[in-house]
Amino acid sequence: MCVPTPLDEHFEPDLSFVLSTMESLVPHLRPGQVVSLESTTYPGTTDEELRPLIEKRGLVVGTDIFLVYSPEREDPGNPDFSATMIPKVVGGITEDCARVGQALYQAVVSEVVPVRSTQVAEFAKLLENIYRAVNIGLVNELKVAADGMGIDIWEVIEAAATKPFGFTPFYPGPGLGGHCIPIDPYYLTWKAREYGVHTRFIELAGEINTSMPHWVVQRTMEALNQRSKSVKGSRILLMGLAYKENVDDMRESPTFALMDELADLGAEVAYYDPHIPEIIPTREHARWTGARSVEGTPEIIAGFDCVLIATNHRVFDLAGLLESADLVIDTRNAIARAGLTPREGQVVKA
Ligand SMILES: NC(=O)c1ccc[n+]([C@@H]2O[C@H](COP(=O)([O-])OP(=O)(O)OC[C@H]3O[C@@H](n4cnc5c(N)ncnc54)[C@H](O)[C@@H]3O)[C@@H](O)[C@H]2O)c1
């Protein structure tokens, strides 16, 4: 079972998809079958929520049904890892559950990592994502500090990353996106509260990462101001609506937060993303429903007062962009990484 595990409006786990899927499966279960939950969730879900649903039907977990938790690990858009190459963590409710679950996964993936319990497997997945959220939060905070000091954070990271041990580079950006990293950490926050633990790192990283779009808008305002322009009335093009490069997934994308704030300030906002030609209806971003990606031709780009690189898709022609755009706000260090030399003051990193 790998169904969505979102947060509700109070930032609390919404297990309704998991529970309703399990409830609809239970009447069809037969002794000897394996049930594996792969959705990201808090430690205890498999044991506390799924096990009772199975046992209510009179089936014994560990004898009739083998219940395991094995987190989904995927990096969408990354061609270097296929599902079968990524080691699979598996924890079972009982030792027999674990053995059967491992045998199942061993048949399809190259490496199975057995752990002592479903709780360890559930927590391991959250640790992986919290690690990313916190480190991205850290580097986003340092970006703001470095900017104030007139230091290029990207150069700093590049230098630090030459240390051959004890340092893993993370990169700043316009905010966190996707349906995993901004959301999953709060599953642990919620569960930890039950044990009187306040997960301060998670909350702080969330706060910093959520404040990034506003910080980028402030830098955009200042750059326009340098050109004697106000945000109000300026034509601003956002490049990249997807939350990460080379994918067509716009869930939780910080580009929406940027578009919202710039539009609220009176800018005329458009977006360019060949992976997302049109914005489909969503509850969170209803105001943008039906908006269509502009084409990235030189004539069209030249018609904007400012182009903001939010996500650096491989298909973008950055050299062409520099020929047509007056002002580029680069939240991904895309221009420097492409080895391009902009005109003086043309590119502002944010
Ligand atoms: N997509 C990823 O890269 C990724 C990586 C790691 C972990 N996860 C985790 O995997 C889980 C699923 O995420 P996803 O991105 O694959 O979600 P998704 O939105 O792609 O949905 C996954 C599947 O669930 C089905 N589904 C949706 N609602 C359902 C319902 N009410 N009942 C039954 N089936 C339903 C969908 O049709 C789809 O087949 C989440 O817990 C997520 O955190 C996803």
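Around the ligand in this predicted model there are 15 residues, and among these T5, S39, T40, E72 and E74 come nearest. The shell that these residues form is mixed in character, for it divides into six nonpolar, six polar and three charged residues.

From the ligand we can turn to the protein as a whole, whose domain assignment gives domain 1, covering 16-116, and domain 2, covering 212-349. The centres of domain 1 and domain 2, taken over C-alpha atoms, are separated by 41 Å.

Two sheets can now be followed in turn. Strands of a sheet pair through backbone hydrogen bonds, and they may do so in a parallel or an antiparallel way. One open sheet has four strands in the order 1-2-3-4, and its pairing is mixed. Its edge strands are strand 1 (34-37) and strand 4 (112-115), each of which pairs on one side only. From one strand to the next, the twist in this sheet averages 30°. Inside the sheet, strand 2 (residues 66-69) and strand 3 (residues 88-92) run antiparallel and are joined by two bridges; to find one pairing in the structure, look for Y69, whose bridge partner in strand 3 is G91. Helix 4 (residues 118-148) lies across strand 2, strand 3 and strand 4, and it runs at about 145° to strand 3.

The other open sheet has five strands in the order 6-5-7-8-9, with parallel pairing. Here the edge strands, each pairing on one side only, are strand 6 and strand 9 (347-349). Neighbouring strands of this sheet are turned by 20° against each other on average, direction ignored. Strand 8 (residues 328-330) pairs with strand 9 in the parallel sense over three bridges, and V328 has V347 as its bridge partner in strand 9. Helix 7 packs on this sheet and touches strand 7, strand 8 and strand 9, while its direction makes about 155° with that of strand 8. Helix 8 also packs on the sheet, where it touches strand 5, strand 6 and strand 7, and its direction makes about 160° with that of strand 6.

Which residues of helix 8 are buried? In this helix, which spans residues 254-264, they are P254, T255, F256, A257, L258, M259 and L262. The buried residues of helix 8 pack against helix 7 (200-226), and also against strand 5 (235-239), strand 6 (268-272) and strand 7 (306-309). After helix 8 comes G266, a residue whose phi is positive, near 100°.

Key. Residues are numbered from 1 along each chain as its sequence is written. This is a predicted model: local features need pLDDT of at least 70, side-chain atom pairs count only at pLDDT 80 or more; totals for chains, interfaces and linings use all residues. A residue is near a molecule or strand if its C-beta atom, placed from the backbone, lies within 6 Å of it. Ala, Val, Leu, Ile, Met, Phe, Trp, Tyr, Cys and Pro count as nonpolar, Asp, Glu, Lys and Arg as charged, and the others, Gly among them, as polar. Domain bounds come from an automatic or database domain assignment. A residue is buried if 20 or more other C-beta atoms lie within 10 Å of its own, exposed if 12 or fewer, and partly exposed in between; C-beta atoms are placed from the backbone. Two residues are in contact if their C-beta atoms, placed from the backbone, lie within 7 Å. Two strands pair if DSSP finds at least two bridges between them. Axes are lines fitted to C-alpha atoms, for helices over the stretch in contact, and angles run from 0 to 180 degrees between N-to-C directions.
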